[in-house]
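User: I should like to understand the reasoning behind the terms used for this structure. Please take me through it step by step.

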Amino acid sequence: MSEDVLLGGLDIGTTHVKAVLCDGEGRIVGRAKSPTPYGSVPHTHPADGLVAAALGTLAQCVREAGRAPEAIGVTGMAEAGVPLDADGRAIGPVRAWSDPAPAPHAARLAETFGRPQLHARTGVLPSPKVPLAKWCALVADDAGLPARMRTWVGAADLVAHALTGAVGTDATFAQRTMAWDPVAREWLPELLDEAGLGVDHMPRVREVGEPVGRVTAEAAADVGLRAGTPVVVAGHDHLVGAWAAGARGPGQVADSMGTAEAVLTVTGEPPDRARAAAEGMSWGRHADGEHFMVLAGAASSGLLVEWFCDRFLDGVQGAGRYEEFARLVATLPAAPCGPTVTPYAHGRSAPRPDPGARFAVHDLRLEHGPAHIARAILEGTAHQARWMTDTQAWLCGGVAPGSVTLLGGSTRLAAWTALKAAVGPWPTRVCAEPEAAGLGAALLAGRAVGVEGASPVAPSHPVVPDAATAEAHRAHHRDRFLPLATTPVAPAGPTAPTPRGSAPDPAPQTPAGLEGRSSALGPAPQSPAGLKGRGSAPDPAPQTPEGLELAHPSSTAPHLGRSASTALGNLPSPSSPTSSEQGRPHRAAGWARRPPVQAAPHDYPDPDTDSDPEEPTP
């Protein structure tokens, strides 16, 4: 019986490594946690230290449970990884997903292949964090690396390799590299070639629940496992956690609340790719390997709660500061009663990406105090999450979400989850399991030992708002938040972005001889209504399905973004390689040279993956 099976899950997070043990019905019987180690070089993790932390955390969990699991699943942060040599040793430290150093290479990839083409084919937009840009940077610094490198492994893959001696990954990790086709399920040699790598340098992508290998005798003795236990790389933690929380079918949404926030909508097929690119959202396969999903992030969610506590509650320490924050918020009426916050401490990545978007407190009056600001922060982040959710529904055919499940550490603040339910016109639930990603990894590993069928869903409870309160918050979202969020921002100085209300730049001119040509990734997706080049007249806004509130790109508050030349700043021109790239032949022969595109590479945090979703803020 499934309740007699014990399954293990490991979550290799940005700040913590977490382990859980559960039975086949999803009931947790053991858990442990330890800090994720960081290296002396910024944006790195020591490979040996990361493995030691993971195996030590799992060993602690096994000791406390008094029993070893029959299968182990590993999930964790995407984009972080390290090359291995022929002997399976790491070549250098694990490069963190947050490393900004590959930015020039991301810019060159965008210029060479075109941002719309890359997004349409791979599901992600060029940014410094994608492994393809990391590989280009590593090879630019060490031209001999491809000859010494046997394979690339992500952080979760590295831990699975330490347990089994084998290398493999999951499609949800592969699709974050910007060198994998989520539809065809294959590596893209023409993109790997940009880094001097080939398909043989990539880990084999396993099917969902397929073991990468089995625990070796040495690892079994070190951790307290049985030799031969199957180990599964379960996939990207945001997706695995969403799947565990119940976001499994089309129209189901997971909102992962932590220091940053990620919203994921499940869909039966890829979304409208051109619009998704314009809205700053990635897409790809879901954790089950069958459905697709759309993913968007907000860098400033729990981060703003931390900011408030640091500025206004500096005399309160530890958990007391969150209790005091909750007490302040509880002193106010449930309906909107104070200022409105636009929650963009580091720009906005989605919807309508804008690196120049500001964290601002609007409508502040003399009678307002700290409680009103605290409450406005929660409201502003709730409005931003609804905007992301509405936009994802629009991208996925215009059907309003069937349900939204909230998960992550920030759900412990009941006032926040109540506001989420009041702002969003859909059924809202709160996942009660704080380690949803680890639980999901364990349940997906169960497929390796015959625990099939309808996998259990983590326990949750509904949040039902008062009808009058909900009506007030939804009106405020439509009538105040969206207009403020899309209002042009004045430049802060000579290097500030072009104001979004200024005259549009001319549409890019197509170089002679390239009319009608397309790159090897295929033609750029056709710009749908309202998403044409900035020099064209906007089409009428598409019809919004009932229940969705959208600030369309063709609305009266235009989104013009920044010109490519401004956004790129001092990044090297793709036609003028850096000194580390001199002598490397251009690998894009046969690709149409793309003119500058409207959307500029992100120069702000792009958190649609790897802040720890389960890390508590309050």
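User: What makes the meeting of helix H2 and helix H4 a contact, and at what angle do the axes cross?

Analyst: This is a predicted model. In it, the axes of helix H2 (residues 103–113) and helix H4 (residues 131–141) come within 8 Å and cross at roughly 115°. The crossing of H2 past H4 is right-handed. A contact requires heavy atoms within 4.5 Å; the residues that make this one are His-105, Ala-106, Arg-108 and Leu-109 of H2, together with Leu-132, Ala-133, Cys-136, Ala-137 and Ala-140 of H4.

User: How do the residues of the contact of H2 with H4 divide into nonpolar, polar and charged?

Analyst: Seven are nonpolar, one is polar and one is charged. Arg counts as charged, and Ala, Leu and Cys count as nonpolar; His falls among the others, therefore it is counted as polar.

User: Why is Glu-79 called buried?

Analyst: Buried means under 20% relative accessible area. Glu-79 has a relative accessible area of 5%, therefore it is called buried. Glu-79 lies in the loop between S5 and S6, and it has a positive phi of about 75° although it is not a glycine.

User: Is Asp-363 buried, partly exposed or exposed, and how do you know?

Analyst: The range between 20% and 50% is called partly exposed. The relative accessibility of Asp-363 is 32%, so this residue counts as partly exposed. Asp-363 sits in the loop between S20 and helix H14 (370–395). Its phi is positive, about 65°, although Asp-363 is not a glycine.

User: What makes a set of residues a nonpolar core, and which members of the largest one touch the most others?

Analyst: The members must be buried residues of certain nonpolar kinds, joined through side-chain atoms within 4.5 Å. The largest such core has 42 residues, and Ile-12, Leu-58, Val-74, Leu-158 and Leu-225 touch the most other members. Among the elements that each supply at least two residues are strand S1 (6–12), helix H1 (47–65), strand S5 (71–76) and helix H6 (155–164). The largest share, 10 residues, comes from H1. A second, separate core of 41 residues includes Ala-276, Val-294, Val-305 and Trp-394. In soluble globular proteins, nonpolar side chains tend to be buried together.

User: Which residues is Leu-225 in contact with, leaving aside its neighbours within four places in sequence?

Analyst: They are Leu-58, Val-62, Ala-68, Pro-69, Ile-72, Leu-163, Val-215 and Ala-220.

User: Why are strands S17 and S23 called edge strands?

Analyst: The open sheet has seven strands in the order S17-S18-S16-S15-S21-S22-S23, with mixed pairing. Strand S17 (282–285) and strand S23 (460–463) each pair on one side only, and they are the edge strands. Neighbouring strands of this sheet are turned by 25° against each other on average, direction ignored.

User: How do you know that S17 pairs with S18?

Analyst: Two strands pair if at least two bridges are found between them. Four bridges join S17 to strand S18 (residues 292–298), so the condition is met. These two strands run antiparallel, and Arg-285 stands opposite Phe-292 in S18.

User: Where is the cis peptide bond at Pro-351, and what is its omega?

Analyst: The bond joins Ala-350 and Pro-351, with an omega of about -10°. Pro-351 is found in the loop between strand S19 (340–343) and strand S20 (359–362).

User: What share of the protein chain is buried, and how many helices and strands does it have?

Analyst: Buried residues make up 58% of the 618 residues. The secondary structure comes to 18 helices and 23 strands.

Key
Residues numbered from 1 in each chain as written. Predicted model: local features only at pLDDT ≥ 70, side-chain atom pairs only at ≥ 80, totals over all residues. Heavy atoms only, no water. Buried < 20%, exposed > 50% of the residue type's maximum accessible area, 1.4 Å probe, protein only. Axes fitted to C-alpha atoms, helices over the stretch in contact; angles between N-to-C directions. Left-handed = near helix turned anticlockwise from the far one by under 90°.
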